[in-house]
Amino acid sequence: MQMTLTEANRKAQQLRLEAARILSEEENIRTYAHSEGEKPLPQSYDFAATQARLNAINNKVARIRHAVSLFNVTHQVSGMEMTIDEALVRISMLSEMKRRLDQMAVIPEVERHGSYRVVEFVHRNFDVDEVRAEAERITDELNRLRAALDLTNLTSTIEITTE
């Protein structure tokens with residue numbers, strides 16, 4: 001079956017949610033309780049059938065994820081000189097850098113720390129404008145990369161056999 005990368009990822013997520021629902025149902029019916037003197041009322045539970053359903057779902061997810069992974073390592077992001085998997089790694093790295101710079105950008109120039117008898121002054125040891133400029137540059141790169149990746153995910157199709 002042909003589908004876009006976005007559709008494939010959504011299908012895999014949908015299947016994972018279905019597996020989670022089955023596991024939740026299983027948790028509710030795999031045991032039963034009754035008080036002494038009461039007649040037990042077990043619900044119908046078929047372990048083998050439940051496992052077969054979960055295995056079928058997991059096999060479909062594995063085939064989808066494998067097809068997506070193969071595509072990601074062999075195809076470039078639209079308008080970029082990198083493969084999809086390289087872009088995903090780059091987005092993760094840039095996001096971490098941005099998080100760190102955002103934390104640095106709010107450090108006050110001087111901060112007073114103190115306890116009962118000791119007061120300590122902590123001074124910022126960098127130019128906050130440089131940090132903000134770098135954070136803005138990284139944000140721009142992240143936005144361009146994410147937009148190009150979104151376009152690729154929405155327009156590139158792959159063949160997936162889920163049966």
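The buried residues of helix 4 are covered by, among others, strand 1 (2-4), helix 1 and helix 3. Keep in mind that this is a predicted model. Which residues of helix 4 are buried? They are Val128, Val131, Ala135, Ile138, Glu141, Leu142, Leu145, Ala148, Leu149, Thr152 and Asn153.

On to the length of helix 4. It has 28 residues, which at 1.5 Å a residue should span 40 Å, and the C-alpha atoms at its ends are 40 Å apart, so the two agree.

One residue of helix 4 to look at separately is Ala133. Is Ala133 buried or partly exposed? Its relative accessibility is 46%, and buried means under 20% while exposed means over 50%, so Ala133 counts as partly exposed. Ala133 and Glu38 are 95 residues apart along the chain, and their C-alpha atoms are separated by 72 Å.

Now to helix 1, where Thr6 sits. Thr6 has a relative accessible area of 16%, so it is buried. Which residues does Thr6 touch, if we leave out those up to four places away in sequence? The answer is Asn153 and Leu154. Asn153 was in the list of buried residues in helix 4.

Next, helix 3, residues 84-105. It has 22 residues, and from its first C-alpha to its last it reaches 31 Å, close to the expected 32 Å. Its buried residues are Ile84, Ala87, Ile91, Leu94, Lys98, Leu101 and Ala105. Those residues are on the same side of helix 3, because they cover an arc of only 100° around the axis. The general background is that an α-helix has 3.6 residues a turn, so residues three or four places apart point the same way. As for what covers the buried residues of helix 3, the list includes helix 1 (5-29), helix 2 (47-74) and helix 4 (128-155).

Last, the pairing of helix 2 with helix 3. Two packed helices are described by the angle between their axes and the distance between the axes. What are those values for helix 2 and helix 3? The angle is about 90°, and the axes are 5 Å apart. An angle of 65 to 115 degrees counts as roughly perpendicular, so helix 2 is roughly perpendicular to helix 3. At the contact, Phe71, Asn72 and Val73 in helix 2 meet Ile84, Asp85 and Leu88 in helix 3. Sorted by class, that contact has 4 nonpolar residues, 1 polar and 1 charged. Ile84 also appeared among the buried residues of helix 3.

Key
Residues are numbered from 1 along each chain as its sequence is written. This is a predicted model: local features need pLDDT of at least 70, side-chain atom pairs count only at pLDDT 80 or more; totals for chains, interfaces and linings use all residues. Side-chain values use heavy atoms; hydrogens and water are left out. Helices (H or I, at least four residues) and strands (E, at least two) are DSSP runs, numbered from the N terminus. The expected span of a helix is 1.5 Å times one less than its number of residues. Buried means under 20% relative accessible area, exposed over 50%, partly exposed in between (1.4 Å probe, protein chains only). The arc is that of the directions from the helix axis to the C-beta atoms. Contact means heavy atoms within 4.5 Å. Axes are lines fitted to C-alpha atoms, for helices over the stretch in contact, and angles run from 0 to 180 degrees between N-to-C directions. Angles under 35 degrees count as roughly parallel, over 145 as roughly antiparallel, 65 to 115 as roughly perpendicular and the rest as oblique. Ala, Val, Leu, Ile, Met, Phe, Trp, Tyr, Cys and Pro count as nonpolar, Asp, Glu, Lys and Arg as charged, and the others, Gly among them, as polar.
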